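Student: I would like to learn how to read a protein structure. Could you take me through a few features?

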Amino acid sequence: MFGTLKAFAFIAAFLSATVVLGAATSSAGGVIITLPPRSTDVGIKKVPDAAHPYIAPGPNDQRGPCPALNTLANHGYIPRNGIASFEEILAGTREGFNMDRDLAGFLAGFSMMARGNAYLNKLSIGSVSPQIPVVPGAIDGPAPPGGIAKHDRFEGDVSMTRQDFNNGDDVHFQIDLFDEFLSAIAEFGDDDPVHGPASIVNMKVMQEFKFQRFQEAQAADATVSFHSSRIASSYNEAAFILTFFANGTDGLLSKQALTSIFQNQTFAPNWFRRSSPGTFDFIVDTAAEILAPHTIQPGANVNGVYVVDPPNNDCNAAYSDFVLNNLPHTLNNVTNPTFKKNIQTLLSIVATPFGCPELLPAGPVGQ
């Protein structure tokens, strides 16, 4: 199972798209996607700075199921309209949370192919946007890309603060689920002289709350889906929260800081990003520790009964699930030079952290 987590172990007016950070237009049309070099600005830093004040999103701004991306957009670390390029997501997650390039590259690269327009280098952190048209040739179906809020591929079941797709609102913050999170902190959290008794989110909180959410979803959702890639995403999400949301000054995640990002989608006062980049391996190892006390095998409910998936002998079960089952096979048929180059670039970026031979997409169209 830990090997599975290691696999993961987080994207005519349109055709003349404006040049975005780190990107360049191509003579073949579209916008070329590039992997930027690693930044040397990797130390502790107060976030937000004066150049990134909180501004509440407007009615046409995209926000979705990821509180980290929502917070970055509300502070302008990624575009405030919630439509971002691959390079903008890497820059924003580094500046705001000190996320390592390869971890951010996997998250943004997979999301861009699964739910964005990799020809124009545009991804919605929320839902469908008029700024992002159908991909060339409608190779993923006739509808525009759904953004990361669209169910499956990226967004999935057993979220910490969103309902399962079949049971309710899977996009927006659910206060009742967050109250369960706060109850877990009250029961298992650490005391702190500054923030008070049972105010610090520790490993035990995450271990117990994550398992509680799985039990609830498995009982309530007759078709809950928790295959290898979703287990990896779900538990790495918990690891991300525990490590990236913590204040870089002391490495502690207070209830107040957690509430600020989850509920208010803004950084807490006197919050600093972590003092060193959070890498893919670091997140995966933390996720494995969260999973360890209550191991869950990949599977799904069939008529309300959880059925475990057959053994997977691939190099990495989660990586193969991400690419073979969640990226449309028609990405292999792209002929436009820019679009084809972008897909090749992103597939390589997605494969890199796993240390496995690169796979080609084999998933269904329009999922």
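Tutor: We will go through a disulfide, a helix and two loop residues. This is a predicted model, in which local features need pLDDT of at least 70 and side-chain atom pairs count only at pLDDT 80 or more, while totals for chains, interfaces and linings use all residues. Residues are numbered from 1 along each chain as its sequence is written, and side-chain values use heavy atoms, with hydrogens and water left out.

Student: How many disulfides does the structure hold?

Tutor: A disulfide is a covalent bond between the sulfur atoms of two cysteines. Here the term is given to a pair of cysteine sulfur atoms within 2.5 Å. The structure holds 1: Cys-315 is joined to Cys-356, with an S to S distance of 2.0 Å. This pair links distant parts of the chain, 41 residues apart. Cys-315 sits in the loop between strand E12 (305-308) and helix H10 (317-326), and Cys-356 in the segment after helix H11 (337-351). Helices (H or I, at least four residues) and strands (E, at least two) are DSSP runs, numbered from the N terminus.

Student: Why is the disulfide of Cys-315 and Cys-356 called left-handed?

Tutor: The torsion about its S-S bond is about -80°, so the disulfide is left-handed.

Student: Is Cys-315 buried or exposed?

Tutor: Buried means under 20% relative accessible area, exposed over 50%, and partly exposed in between (1.4 Å probe, protein chains only). Cys-315 has 52% relative accessibility, so Cys-315 counts as exposed. Cys-356, at 12%, is buried.

Student: What span should helix H4 have?

Tutor: The expected span of a helix is 1.5 Å times one less than its number of residues. For the 15 residues of H4 (residues 101-115) that gives 21 Å, and the end C-alpha atoms are 20 Å apart, which agrees. In H4, 14 of the 15 residues are buried.

Student: Which residue caps the N-terminal end of H4?

Tutor: Asp-100 does, with a side-chain oxygen 3.1 Å from the backbone nitrogen of Asp-102.

Student: Where does Gln-174 lie, and what does Gln-174 contact?

Tutor: Gln-174 lies in the loop between E5 and H5. Contact means heavy atoms within 4.5 Å. Leaving aside neighbours within four places in sequence, Gln-174 is in contact with Thr-161, Arg-162, Gln-163 and Asp-169. Its side chain also reaches the backbone oxygen of His-172 at 2.9 Å.

Student: Where is Glu-155?

Tutor: Glu-155 is in the loop between strand E5 (123-124) and helix H5 (175-188). Its contacts beyond four places in sequence include Pro-65 and Asp-170.

Conventions:
A polar contact is a pair of N or O atoms within 3.5 Å; within protein, one must be able to donate a hydrogen and the other to accept it, and residues adjacent in sequence count only if both atoms are side-chain atoms.
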